[in-house]
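Biologist: Before we discuss any packing, please put the model up so that we can both look at it.

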Amino acid sequence: MKAIVLREHGGLEQLRYETVADPVVTGNTVVVQIRASGLNHCDIDVRNGTFGVEQKLPHVMGVDAAGEVVAIGHNVSLWKVGDRVAPHFVVSCGHCAHCRSGRENICENADILGVTVWGGYAEKLMVPESNLIALPDSVSFIDAAASMVPFATAWEALITTARLQAGETVLINAAGGGVGSHAVQIARLAGARVIASVGADDKIDKVMALGADAVINYRKETLVDGVQRLTSGRGVDVVLDGVGGDILKQSLKALADGGRLASIGAQGGEIVDIDMIEFFRKHITLLGCGRSTREIAATVLGLMAAGRLKAVLQGTFPLAKAADAQALMESRNFFGRIVLQPEA
Ligand SMILES: [Zn+2]
């Protein structure tokens with residue numbers, strides 16, 4: 001099969017389009033012919049060797065993908081050749097305490113697709129059969145690869161973990177990004193008032209079109225000032241943050257009493273000093289989240305099939321042009337998801 005093979009960590013030149021051996025099914029595994037796979041910011045860190053989790057080289061990146069089953073192991077009972085599927089990026093063990101209690105997203109022995117095992121930057125992918133989610137017929141491979149994971153991530157953070165309620169006000173940071181653009185729709189669906197933050201004026205109209213009620217450009221006005229202005233000084237009930245750093249500090253200050261902050265990433269600063277006085281005086285809850293369960297992924301696919309959630313797509317690149325796709329991601333000059341497609 002063709003794949004983008006990382007043989008050393010480094011720059012875009014390390015993304016080599018090569019021929020490698022096809023995966024061979026065994027026991028309870030399934031091989032999926034990939035029709036589309038999504039880019040994530042962590043791919044840049046994995047390529048650079050700065051992700052904090054080691055890869056065995058050579059490595060194939062790619063956290064999310066969608067395609068068709070082309071081979072099944074002799075013990076596989078859930079799938080047949082031709083089924084339309086999307087692998088879930090948390091490859092769980094099935095037998096640890098968390099797996100047994102339905103929280104396989106925090107499996108103690110999990111592999112992460114495209115991070116610890118070979119992922120979606122390839123024509124084929126092999127995963128245990130329990131790791132696949134059925135793709136509704138009306139959801140395209142491109143839409144599934146683009147949006148299942150970010151919708152599921154936003155759902156796990158906002159609905160499952162932060163327990164966002166109808167009528168509450170939520171701040172979605174980096175709302176032009178992969179998870180942010182999808183989180184705006186999840187928050188809207190939950191009946192919340194949505195304040196979004198972006199770092200460029202040209203993203204404001206696009207975020208409003210996704211259902212945001214108001215947008216703050218944090219390069220022109222601090223998040224605290226913007227939230228104060230938009231909530232008559234009250235603050236927001238929930239924040240979804242994947243930025244970290246000063247944006248996280250500002251977000252904590254922007255919370256109303258009893259507010260919850262769901263953190264799903266820290267690209268903009270991993271070490272943050274927090275004013276604990278304000279923290280306990282306001283009864284703030286800080287929540288770590290970001291890995292969905294397969295059940296949540298199936299839920300959001302169902303909502304996509306019903307037309308209630310819409311994929312947010314920047315565009316597609318041929319798999320061979322993965323370096324161009326990552327260059328666009330690094331430029332930050334994009335909106336929504338970037339998707340790779342192997343040659344048909
Ligand atoms: Zn497990």
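Biologist: Which residues of helix α7 (residues 245-253) are buried?

Modeller: This is a predicted model, in which local features need pLDDT of at least 70 and side-chain atom pairs count only at pLDDT 80 or more, whereas totals for chains, interfaces and linings use all residues. Residues are numbered from 1 along each chain as its sequence is written. Helices are DSSP runs of H or I with at least four residues, strands are runs of E with at least two, both numbered from the N terminus, and a residue is buried if 20 or more other C-beta atoms, placed from the backbone, lie within 10 Å of its own, exposed if 12 or fewer and partly exposed in between. By that criterion, the buried residues of α7 are Ile247, Leu248, Gln250, Ser251 and Leu252.

Biologist: What covers the buried residues of α7?

Modeller: Contact here requires C-beta atoms, placed from the backbone, within 7 Å. The cover includes one helix element and several strands, namely α6 (223-230), β10 (169-172), β13 (236-241) and β14 (255-263).

Biologist: Where does the largest nonpolar core lie relative to domain 1 and domain 2?

Modeller: A nonpolar core is a set of buried Ala, Val, Leu, Ile, Met, Phe, Trp, Tyr and Cys residues joined through C-beta atoms within 7 Å. The largest one has 103 residues, and those with the most contacts inside it are Leu158, Val170 and Leu240, while its largest share, 13 residues, comes from helix α3 (residues 141-161). Domain 1 (2-148 + 292-341) and domain 2 (163-288), with bounds from an automatic or database domain assignment, both give residues to this core, so it lies between them.

How values were computed
Two residues are in contact if their C-beta atoms, placed from the backbone, lie within 7 Å.
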